[in-house]
Amino acid sequence: MPNDRSTIAAGLAVVKVLEAWQVDHLYGIPGGSFNSIMDALSAEKENIHYIQVRHEEVGAMAAAADAKLTGKIGVCFGSAGPGGTHLMNGLYDAREDHVPVLALIGQFGTTGMNMDTFQEMNENPIYADVATYNVTAVSARTLPHVIDEAIRRAYANQGVSVVQIPVDLPWQEIPQNSWYASAINHQKPLLPVPDPDLVKRLTQELVDAKRPVIYYGIGAYTAGKELQQLSELLKIPLMSTYPAKGIVPDRYPAYLGSANRVAQKPANEALAQADTVLFIGNNYPFAEVSNAFKNTQHFLQIDVDPAKLGKRHQAEVAILADAKATLQQVLEQVSEREETPWWKANLANRQNWRDYLTKLENKQSGELQAYQVLKAVNDIADEDAIFSIDVGDINLNANRNLNLTPKHRHFTSNLFATMGVGIPGAIAAKLDFPDRQIFNLSGDGGAAMTMQDLVTQVQYHLPAINVIFTNKQYAFIKDEQEDTNKNDFIGVEFDDIDFSLVAKAVNMKGFRVTKIEELAPTFAKAKKIAKTEPVLIDAVISGDRPMPVEKLKLDPAKFSKEEINAFVKRYEAQGLRPFADFLKEAGLSVRKAGNSEGGF
């Protein structure tokens with residue numbers, strides 16, 4: 001224990017608090033209002049690594065990615081005024097995806113605050129909405145405690161903490177024995193234990209169901225084995241939210257994909273025909289606006305968050321408990337049953353859809369499309385590769401054509417859905433998992449928003465494989481305009497950027513491919529290069545719209561022959577059949593009512 005007369009700079013104590021919480025890197029751009037903390041980071045450079053980004057937004061997005069990938073708090077900073085406000089997109093991404101992030105914001109020194117000095121402003125209101133903890137430090141002596149409190153609050157609330165730090169405070173000396181870090185006392189909350197009576201009721205509902213589906217979200221991330229076992233035993237098809245893709249292998253024959261728009265055809269069709277839904281660790285945000293469960297007769301739910309129970313649909317049985325523990329109890333009470341007509345119809349429909357996707361992926365001629373590029377990604381991906389995925393049509397296409405298993409990791413901006421997260425996410429992933437293969441998959445719209453930080457990958461020797469899907473448009477938004485607007489695609493098309501030249505400009509090896517036959521050799525080169533340095537492939541793809549599975553025109557009971565033929569031709573859907581065909585072949589009736597798209 002240091003004696004009472006020993007002192008430490010408050011800023012150095014702050015950094016040591018971060019280290020106690022196992023923070024080993026943080027992101028930001030210094031400024032006059034933050035230079036006192038930079039002194040402390042310099043003093044501790046052997047223990048905590050400062051990552052210089054080229055835009056504070058990238059730092060905040062990378063911090064959010066750190067938290068998503070590791071569960072540990074991500075840390076970013078910005079100077080007073082614009083440096084701090086630039087963080088907002090990444091902080092909202094963290095808030096919406098419920099991950100712990102700490103943002104340190106510079107402020108003018110206490111002698112000039114409230115004097116309308118340079119870049120001095122009332123910062124608390126700016127961060128009031130995004131943060132679960134939002135304070136301005138007022139004393140050097142209490143500053144380490146405030147940082148410690150901010151971290152505890154971020155973990156406890158799974159959200160964002162923001163601390164504004166007047167620049168003069170971290171330089172001041174404080175008593176060495178006046179502060180401590182509470183990291184040693186940090187514990188994860190115990191998960192609720194499932195109620196045996198409720199588990200018994202839920203199990204019976206599943207056994208009695210004629211047309212059940214299990215619909216799980218990222219809250220079931222530890223329960224992949226149990227989900228697949230229950231599916232196999234009771235012959236229940238599985239579907240997931242997009243973020244939960246990969247919890248069960250994509251190639252599992254009864255995995256139908258996800259519903260709504262960033263979706264797969266079998267999941268949308270099955271949900272409209274199901275009578276029983278087991279909703280696990282799921283907060284499906286389009287449930288009400290798309291009337292997703294309007295045909296559901298029995299809604300069963302498992303979640304660790306009491307605020308989620310009954311949120312998206314009134315639950316007949318709701319269990320406050322961990323998904324894995326609850327499913328283990330369910331499995332103890334069931335035995336394998338024979339294949340049902342519902343099971344057979346869904347498996348056949350899913351296989352028909354998989355055949356369609358495989359046909360697109362394996363095309364050897366014609367214009368280069370996203371599907372063939374994603375097959376090239378699959379062909380070189382390691383079994384434990386990590387995929388940082390931007391926002392836009394890349395989500396939709398990756399959902400369908402990226403082949404994941406539980407050994408892989410993939411992440412994006414799930415609920416906030418902010419473009420530009422692909423490159424920052426790859427930076428974070430390589431820092432967190434230096435020995436694993438890292439991909440950034442981005443459309444040219446998202447990549448253009450954060451492309452300056454390709455140089456950060458080079459500067460810090462972070463070997464990632466950046467794949468940019470270039471079609472000179474905000475394709476996801478363009479497709480929305482086709483469905484909802486009367487204009488001639490306003491604001492969704494733009495001039496080309498040759499990202500291979502952008503890569504070369506920052507001393508990264510870059511390639512541009514325009515033909516299907518160029519994919520295999522180029523991706524093989526990229527994989528070899530990425531053993532030691534980052535690399536970029538700019539794939540110039542067609543502007544084709546991916547099939548809108550929320551607006552299928554395949555069923556002759558609903559659409560004319562001319563409508564079906566036009567739909568099939570546009571989406572190369574020869575051989576793709578409506579779910580109604582498989583239901584009829586299995587001897588089942590077809591409900592006429594489907595689900596709506598919902599959303600904007």
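Is Phe293 buried or exposed? In this predicted model, Phe293 has a relative accessible area of 4% and is therefore buried, since the limit for that class is under 20%. Its partner Phe279 is likewise buried, at 1%. The two ring centres lie 5.6 Å apart with the planes at 80 degrees; because an angle over 60 degrees counts as edge-to-face, the pair falls in that class. Phe279 belongs to strand 11, while Phe293 sits in the loop between strand 11 and strand 12 (298-303), so that the pair joins parts of the chain 14 residues apart. A wider cluster takes in both rings, with ring pairs linking Tyr215, Phe279, Tyr284, Phe286, Phe293 and Phe299. Across the model, 16 aromatic pairs are counted.

Strand 11 covers residues 276-280, and Thr276 is found there. With a relative accessible area of 0%, Thr276 is buried. What does Thr276 touch, once residues up to four places away in sequence are set aside? The contacts are Ala209, Arg211, Pro212, Val213, His298 and Leu300.

Turning to the helices, Trp343 lies in helix 12, which runs over residues 341-361. Trp343 is also a buried residue, with a relative accessible area of 7%. Leaving out residues up to four places away in sequence, Trp343 is in contact with Ser231, Lys235, Ile236, Pro237, Tyr252 and Ala254. A separation of 14 Å is found between the C-alpha atoms of Trp343 and Ala580, although these positions lie 237 residues apart along the chain.

Charged side chains also meet aromatic rings in this model. The charged end of Arg261 is placed over the ring of Phe476, at 3.6 Å from the ring centre. For Arg436, the charged end sits over the ring of Phe433, and the distance to the ring centre is 5.3 Å.

At the level of domains, the assignment gives domain 1 (7-185), domain 2 (196-347) and domain 3 (368-540). Taken over C-alpha atoms, the centres of domain 1 and domain 2 are 40 Å apart. An unreviewed UniProt entry places the feature "domain: Thiamine pyrophosphate enzyme N-terminal TPP-binding" at residues 12-123. How much of the chain over residues 12-123 is helix, and how much is strand? Helix makes up 41% and strand 18%, and the end C-alpha atoms of this stretch are 24 Å apart.

Technical notes. Residues numbered from 1 in each chain as written. Predicted model: local features only at pLDDT ≥ 70, side-chain atom pairs only at ≥ 80, totals over all residues. Heavy atoms only, no water. Helix = DSSP H or I, 4+ residues; strand = E, 2+ residues; numbered from the N terminus. Buried < 20%, exposed > 50% of the residue type's maximum accessible area, 1.4 Å probe, protein only. Contact = heavy atoms within 4.5 Å. Domains from an automatic or database assignment. UniProt positions renumbered as here; feature names shortened; annotations may be inferred. Phe/Tyr/Trp six-rings, centres within 6.5 Å; stacked < 30°, edge-to-face > 60°. Lys NZ or Arg CZ within 6 Å of the ring centre and 35° of its normal.
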